[in-house]
Amino acid sequence: DNHISRLLKTRFSIPLSQETMDVNIPELEFHLSLSKLLEGKNQVDVVNILNPMLSFNHSTNLHFNRPKHSHATASSLPNFSLQKLQIANVQFANLPSGLATEVKPLSLNSSLVFSNIVSEDDKLRVSKIHFLASNIHLKTPKVDVSSMNLKSSVDIQLKDFQLKRQDLKLQWDFELEQALLDQIQIHSTPESKKTSVVNLYKLKLENLLVNHRMKSIADVVNANNRTVLSNTGFDVIQSKSTIQLKGLGLNLAQKTMSIDSFQLKPRQEPDEFMKTQKYQTMYDRIDVAKILISGVNMSELVDNGNFKTNKIELNNLYYLGYKDKRLELKRGVYKPLPTEIFKNIKSHLLIDSLIIRNSTIVYREFVPKTNAVGEIQFNKVRGLVTNIRSANYGPTDSLKFNLAANVMNAANLKVSYAQSYVDSLSAFNLKVIIGRMDMKKLNPMLRTFASAEIVSGHLDTLRLSAIGRKYVAYG
């Protein structure tokens, strides 16, 4: 009683739809309570399954006896209880027919533990399920999923799993208590249309309810208000650009998202980037230290790809733009105004307000006349942009922003801008105010851009007001 028993080289087959699943278990250990068995209780304490091999027979000549009449009833689940079922290192010789053409067999070191399994009154309940895997390699026609290093792992914990049969259909539900992914790489294959690599450094997801009634990701989002995504970081490396994101957080109850840092830049450094260009092209780099998003409509985002939110806060944004004027200027290029850029976005975009705090904007340019790189810098940039949208604009809707900054550590600058979404000529109103300034502080910029220098001068106030359209402006 309660001693370890072993079965060696156990093999059995399970009939599936148009195929069978063959299970080969080199070694199976179990602790059986004989006293409880004699009492009529089907109770096993622990079962350990070591290195099972699963294979699928895809033969189309298989025939299984299935109910032919609608009034047929399925057999009931047996009554039993099992304190713990442990399965170590499941291996696949091949995959089911539905996946065989899409996925190559999975390679991983894994542990799967089921705790407190009870089958009673045609219901199966499992209090906890814990899946832990490392050394991962999964290949599909479009992507390879693999471990980045020896620390790579997938750790998934479920609780309160329930399975029952209702009207010959299986019904199930469970709660994803926690999912942790560390150091996983997703690499596109040559067969895919886009070349990219996603390095997932960390992902943590908690408190997600899932059941058989959910048919889409939107159903999952709508049914959960306790779900939290935290401490998530990844980068996306594409053929021409790199996106890096750290500290992504999502709270469905509060409808908030946060990002600790964000970076978007070309894969090449500025000088190397310019060597690949035929015409004058802007090199753009964006870094943001902290992003806070509130009032996110997650249902719209996952169901339709539409991004709607009340407020976005950008803290310590840094933008670098660089252009090499030695390259040829491409003629006849139409540069759209801001509202046109937003209107060309295919997905619906609606941001009520965008707040910018303590940011920096730097523009650099290689000037052939002086054979040097000139720079214009705006520090302490702060302000508000309102009514950013790509669709559903009314007759009075306009894009507006009010920004303030310090120019070249020489003067304070204020800019206001308003542009109608519905005007066919994209009319806008621009106002600029520059405060008091010692003009000599502009010399570092003027020497490079204009090969000139101010000996003395003082500015009290500069005001600019302009009204413009696509092809003309006056003011």
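In which sense do strand 2 (residues 19-32) and strand 3 pair, and over how many bridges? The first close-up has the answer, and the others visit further corners of this predicted model.

**Figure 1. Strand 3 and its two partners.**
Let us begin with the opening question: strand 2 and strand 3 are paired in the antiparallel sense, over 6 bridges. To find a place where the two strands meet, look for H31, which stands opposite V46 in strand 3. Strand 3 covers residues 43-50, and it also pairs with strand 5 (residues 80-88). That second pairing is in the parallel sense and runs over 7 bridges. Here a handy landmark is L50, whose bridge partner in strand 5 is A88. Is strand 3 mostly covered or mostly open? Strand 3 is mostly covered, with 6 of its 8 residues buried. As you follow a strand with your eye, remember that side chains in a regular strand alternate between the two faces of the sheet.

**Figure 2. Strand 10 between strand 8 and strand 11.**
This view is centred on strand 10, which spans residues 153-166. Strand 10 pairs with strand 8 (residues 123-139) in the antiparallel sense, and 10 bridges link the two. You can pick out L132 here, because its bridge partner in strand 10 is D155. How many bridges pair strand 10 with strand 11? The pairing with strand 11 (residues 169-188) has 12 bridges and is antiparallel. In this part of the view, L163 stands opposite W172 in strand 11.

**Figure 3. Strand 21 with strand 20 and strand 22.**
Strand 21 runs from residue 398 to residue 407, while strand 20 takes in residues 372-389. These two strands pair in the antiparallel sense over 7 bridges, and G383 is found opposite L403 in strand 21. Strand 21 also joins strand 22 (residues 411-420), again running antiparallel, through 10 bridges. A good pair to look for is N402 and S416, since N402 stands opposite S416 in strand 22. How much of strand 21 is buried? The count is 7 of its 10 residues, so strand 21 is described as mostly covered.

**Figure 4. The turn between strand 21 and strand 22.**
Stay with the same neighbourhood and move to the turn. Strand 21 and strand 22 form a hairpin, with 3 residues between them. Which residue in this turn has a positive phi? That residue is M408, with a phi of about 55 degrees.

**Figure 5. K9 and N392, two residues with a positive phi.**
K9 is not a glycine, yet its phi is positive, at about 55 degrees. Where is K9 found? K9 lies in strand 1, which covers residues 4-16. K9 has a relative accessible area of 75%, so this residue is exposed. N392 is not a glycine either, and N392 has a positive phi of about 55 degrees. Its setting is the loop between strand 20 and strand 21. Is N392 buried or exposed? N392 counts as exposed because its relative accessible area is 57%, and the cut-off for exposed is over 50%.

**Figure 6. R436 and its contacts from elsewhere in the sequence.**
R436 is located in the loop between strand 23 (428-434) and strand 24 (437-438). With 63% relative accessibility, R436 is classed as exposed. Which residues does R436 contact, once its neighbours within four places in sequence are left aside? They are A410, A411, L459 and D460. Take a closer look at D460: R436 and D460 are 24 residues apart in sequence, but their C-alpha atoms are 4.4 Å apart in space.

**Figure 7. Stepping back to the whole protein.**
After the close-ups, here is the wider setting. The protein contains 7 helices and 27 strands. Its C-alpha atoms fill a box of roughly 105 × 45 × 45 Å along the principal axes. The radius of gyration is 31 Å, whereas a compact globule of 475 residues would have one near 23 Å. Of the 475 residues, 36% are buried. Among contacts between residues at least 6 apart in sequence, 60% join residues at least 24 apart. The protein exposes about 28,400 Å², and carbon and sulfur atoms supply 54% of that area. Finally, there are 61 positive and 43 negative side chains, and the centres of these two sets lie 7 Å apart.

Conventions. Residues numbered from 1 in each chain as written. Predicted model: local features only at pLDDT ≥ 70, side-chain atom pairs only at ≥ 80, totals over all residues. Heavy atoms only, no water. Helix = DSSP H or I, 4+ residues; strand = E, 2+ residues; numbered from the N terminus. Rg over C-alpha atoms; globule rule 2.2 N^0.38 Å. Buried < 20%, exposed > 50% of the residue type's maximum accessible area, 1.4 Å probe, protein only. Contact = heavy atoms within 4.5 Å. Areas by Shrake-Rupley, 256 points an atom, 1.4 Å probe, with all protein chains shown as cover. Lys, Arg positive; Asp, Glu negative; His and termini not counted. Charge placed at Lys NZ, Arg CZ, Asp CG, Glu CD.
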